[in-house]
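Hi,

Here is the structure I said I'd pass on. Have a look at it first, and then read my notes underneath.

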Amino acid sequence: MAYRVGAAWSESGLRLLDGKYPLAVERYVLRQVAHLVPGVTTVTPHARYYALHGLVAAEADARGLGSAETQELLRRCEVVLAAASHLHREDHGLHGFPQAHGEGRLRGLFTAPTVDFAEAVRPVKGGYTRSRWGFLPPYQTSERELGILVSVPGSAGRPGPGPRLDLRAVRDGLGPVLELARGAELRLADVESHVEQLCVCRGGAQPDGRWLAELLCRAPEDGSDEAGARRRETVRLLTRILDGHRSDRPVEQAVGEFLALDPRMAEGGALAGYVRAADWRGLAMRNYSVTAWRRLWSWLVGQAAEGVHQAEWADRFARAVPPGTVGEFWDALPAPTAGTGFGASGGGIRPEEELAVLAQGARWAEELTGDTAIAFNGPSREHGQELHPRWLAAHLTERRGLPLAECARELAVILLRRSARVALAKSRSAPDGRLRLPTKLQQRDTFLFTRGPEGTSRVILRLNRLAYVLAGCGVLAVDARSWRVTDLGRDLCA
Ligand SMILES: [Zn+2]
């Protein structure tokens with residue numbers, strides 16, 4: 001019998017992958033957003049799934065279903081919601097509401113008068129979901145935090161109904177989903193007659209929406225809900241800002257700019273009485289710096305698309321900034337105000353603009369006071385860390401008299417070294433023994449090459465998600481991108 005023992009040679013070379021955060025400057029903003037909006041994340045856009053998952057958990061409990069049967073019931077119900085959203089798509093799109101989960105992938109099946117459940121609910125590649133638990137996984141942490149679901153020990157992942165689930169409300173709102181989810185086939189004509197009740201955008205007019213609105217916005221009677229208090233204050237602030245707001249820009253962008261730059265947000269301004277206003281202002285300001293580092297890095301990576309010597313690469317950055325000294329550039333920055341294109345996110349990247357945003361962040365690091373300064377700078381142990389706005393302020397101060405071009409050349413090298421360290425810290429060994437290195441920029445001696453464009457997106461503040469969750473449960477109403485607070489919302493957020 002032949003067998004091998006001991007070590008074997010691994011395959012040679014590196015496996016390069018795409019990394020998400022190449023400069024690792026995002027952590028503080030990500031952490032703070034999670035702190036300020038517990039219960040709503042970037043992957044939970046629909047209020048109605050909170051109610052649906054609660055309903056399914058209660059139904060499975062009542063019927064004594066096992067894990068596999070509950071998975072099937074859940075996926076059937078999600079297919080019904082997707083069908084309702086599909087049939088409502090014309091009205092639905094008017095409000096900018098996102099479609100139900102999986103609607104795009106199921107669209108082909110919805111062209112026939114009936115849908116075969118066995119086919120529609122298969123958790124396979126190319127299906128509406130690849131997860132046996134459908135879209136429960138992205139929501140379930142939030143649903144547990146909110147008390148809608150609980151873990152059931154020994155149930156192989158089957159959630160149970162939580163203490164704050166109002167079964168009557170979710171049944172009154174979404175009961176027909178359970179009816180439609182029975183049988184071998186889903187008749188779209190049957191869904192059609194329930195569209196106004198069941199679509200993901202209609203929860204605000206239904207009992208389950210009202211229940212969820214109270215859950216998100218009203219303190220529990222025992223008052224012991226610190227995380228919930230942060231969310232409620234965030235909701236109060238967001239509803240106040242969005243009331244009467246009309247914009248063709250996404251909520252995230254428009255509100256993010258308002259939070260950071262509108263004078264009403266400043267301490268002593270009209271919104272200063274909102275408990276979380278300073279937290280959000282500082283965070284939204286900090287996100288400009290984070291985004292500018294990401295965009296500047298993306299531009300630098302793009303400069304190596306054809307392969308370039310490292311010195312020439314750094315020189316390109318130096319040539320892209322204005323003449324004069326660091327001090328002249330820094331002192332000449334105009335005060336940023338909303339609507340002036342500060343931190344412009346569209347179009348091509350201009351290194352000079354990104355550098356201006358970063359220099360403004362360094363100025364904020366020195367000039368902000370009070371709670372806004374605390375929220376902007378984060379924990380003091382991080383202030384000295386490379387690329388922190390305070391680090392940059394000290395870095396620029398030391399170089400005030402130097403040409404800006406020289407400072408840019410030096411920054412390029414700092415970023416290059418940092419990205420290499422970040423990629424190494426995130427590297428893992430692959431099953432074949434090769435090292436997996438998450439990087440878009442490849443270094444070979446002093447030459448640089450890229451594997452494709454680097455991301456430029458800003459860190460999501462979850463405001464768009466939160467706005468649509470609030471619209472999905474009737475706290476806000478949105479009509480052709482014009483937002484208002486409903487009577488229910490006024491009552492809950494007073
Ligand atoms: Zn709809």
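Below is what came out of it, starting with the whole chain and ending with one helix.

A word on the ground rules: this is a predicted model, where local features need pLDDT of at least 70, side-chain atom pairs count only at pLDDT 80 or more, and totals for chains, interfaces and linings use all residues. Residues are numbered from 1 along each chain as its sequence is written, and side-chain values use heavy atoms, with hydrogens and water left out.

The protein chain has 22 helices and twelve strands (DSSP runs numbered from the N terminus: H or I of at least four residues for helices, E of at least two for strands). Its C-alpha atoms fit a box of roughly 80 × 75 × 45 Å along the principal axes.

How much of the chain is buried? The share is 53% of the 494 residues, with buried meaning under 20% relative accessible area (1.4 Å probe, protein chains only). Contacts (heavy atoms within 4.5 Å) often link distant parts of the sequence: of those with a separation of 6 or more, 74% are between residues 24 or more positions apart.

Now for helix α11, residues 207–217. Eight of its eleven residues are buried, so the rest of the structure largely encloses it. Among those buried are D208, G209, W211 and C217. And what do the buried residues of α11 pack against? Their partners are α2 (47–63), α8 (167–180), α12 (226–242), α21 (463–472) and α22 (487–493).

Cheers

How values were computed
Buried means under 20% relative accessible area, exposed over 50%, partly exposed in between (1.4 Å probe, protein chains only).
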